[in-house]
Amino acid sequence: MSDTEMEPRRLSVDQLIDAWEEAWSARDPAAFVAICTANVSYEDPLVIAPLTGPAALGGHAQRLWTAFPDARLERSGARLSAERFIAAPARLLATNTGPLEALPATQKFLAVPMVFYCQTERGRLLRVRAFFDLYDAATQLGVLPSRGTLSERALLMLRGFGLRAGR
């Protein structure tokens, strides 16, 4: 068997998720290749459809790094695993110093708790779903009003929530 056909070294759950967090913090889109399968599927609240492959995942990470050059993931709790499945709590820490799609930089810091739910195959990540509160992240950046404020109620009324016909 040649070196290119050899199976990569299997990582423990902690090593794999540590490498995942390091890949998001490293600003190197190629960092996902070593820890993901060739057809890794990735989802989070910011993607419309699942991303497939380490290159697509790296491109998505580059969007984060453009808007938040200091972005880093850190472990925020116990990781749970059963056979090929892992739940890994983390926290994204970052300052918005670059444009975010059509929005200008807010210069605000955010801390977003999240959970990665992962499925592995041969010691690499096959599927990853990131769960986090997108509304909370937007309020931390000052893009949306805080929950329970008059501004939030006004926004909801403009969207048609809270208005009843005949009143």
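**Reading a predicted fold: elements, rings and a pocket**

From the N terminus on, the chain's elements follow the order α-β-β-α-β-β-β-β-β-α-α.

Biologist: Happy to start there. How many helices and strands does the chain have?

Modeller: There are 4 helices and 7 strands in the chain. Keep in mind that this is a predicted model.

Biologist: How do I read the contacts and the burial of the chain?

Modeller: Take the contacts with a separation of 6 or more: 52% of them join residues 24 or more positions apart. As for burial, 37% of the 167 residues count as buried. The accessible surface is about 10100 Å², and carbon and sulfur atoms hold 57% of that surface.

Biologist: Now the rings. What describes a pair of aromatic rings?

Modeller: Two values do the job: the distance of the centres and the angle of the planes. In this model the count comes to 7 aromatic pairs. One of them joins W20 and F116, with 5.5 Å centre to centre and 80° between the planes. That pair is edge-to-face, because its angle is over 60 degrees.

Biologist: Which parts of the chain does the pair of W20 and F116 tie together?

Modeller: W20 lies in helix α1 (residues 13–26) and F116 in strand β6, so the pair ties together parts that are 96 residues apart in sequence. Both rings belong to buried residues: W20 has a relative accessible area of 0%, and F116 has 2%.

Biologist: And F85 with Y117: which geometry does that pair have?

Modeller: F85 and Y117 are stacked, at 6.2 Å centre to centre and 15° between the planes. Here strand β5 (residues 85–95) supplies F85 and strand β6 supplies Y117, so the linked parts are 32 residues apart in sequence. F85 is partly exposed at 35% relative accessibility, and Y117 is partly exposed too, at 41%.

Biologist: Which residues do ring pairs link into a cluster?

Modeller: The cluster holds W20, W24, F32, Y42 and F116.

Biologist: Last topic, then. How does one find empty space?

Modeller: The idea is to roll a probe the size of a water molecule over the atoms, which shows where empty space is left. In this structure the largest pocket has about 550 Å³ of space. Its lining has 23 residues, and L46, F68, L100, F132 and L134 lie nearest the centre. Elements giving two or more lining residues are α2 (54–67), β6 (109–121) and α3 (134–140).

Biologist: Which element gives the largest share of that lining?

Modeller: Strand β6 does, with 4 residues. By residue class, the lining of the largest pocket has 19 nonpolar, 1 polar and 3 charged residues.

Terms used: Residues are numbered from 1 along each chain as its sequence is written. This is a predicted model: local features need pLDDT of at least 70, side-chain atom pairs count only at pLDDT 80 or more; totals for chains, interfaces and linings use all residues. Side-chain values use heavy atoms; hydrogens and water are left out. On a 1 Å grid over the protein atoms alone, a cavity is a set of points where a 1.4 Å probe fits but cannot get out, and a pocket is an open set with protein on both sides within 12 Å along at least five of seven lines; lining residues have an atom within 4 Å of a point. Grid points are joined across faces, edges and corners, and a volume is the space filled by probe spheres set on the points. Ala, Val, Leu, Ile, Met, Phe, Trp, Tyr, Cys and Pro count as nonpolar, Asp, Glu, Lys and Arg as charged, and the others, Gly among them, as polar. Rings of Phe, Tyr and Trp (its six-membered ring) pair if their centres lie within 6.5 Å; planes under 30 degrees apart count as stacked, over 60 as edge-to-face and the rest as tilted. Buried means under 20% relative accessible area, exposed over 50%, partly exposed in between (1.4 Å probe, protein chains only). Contact means heavy atoms within 4.5 Å. Accessible areas come from the Shrake-Rupley method with a 1.4 Å probe; for residues, only the protein chains shown count as cover.
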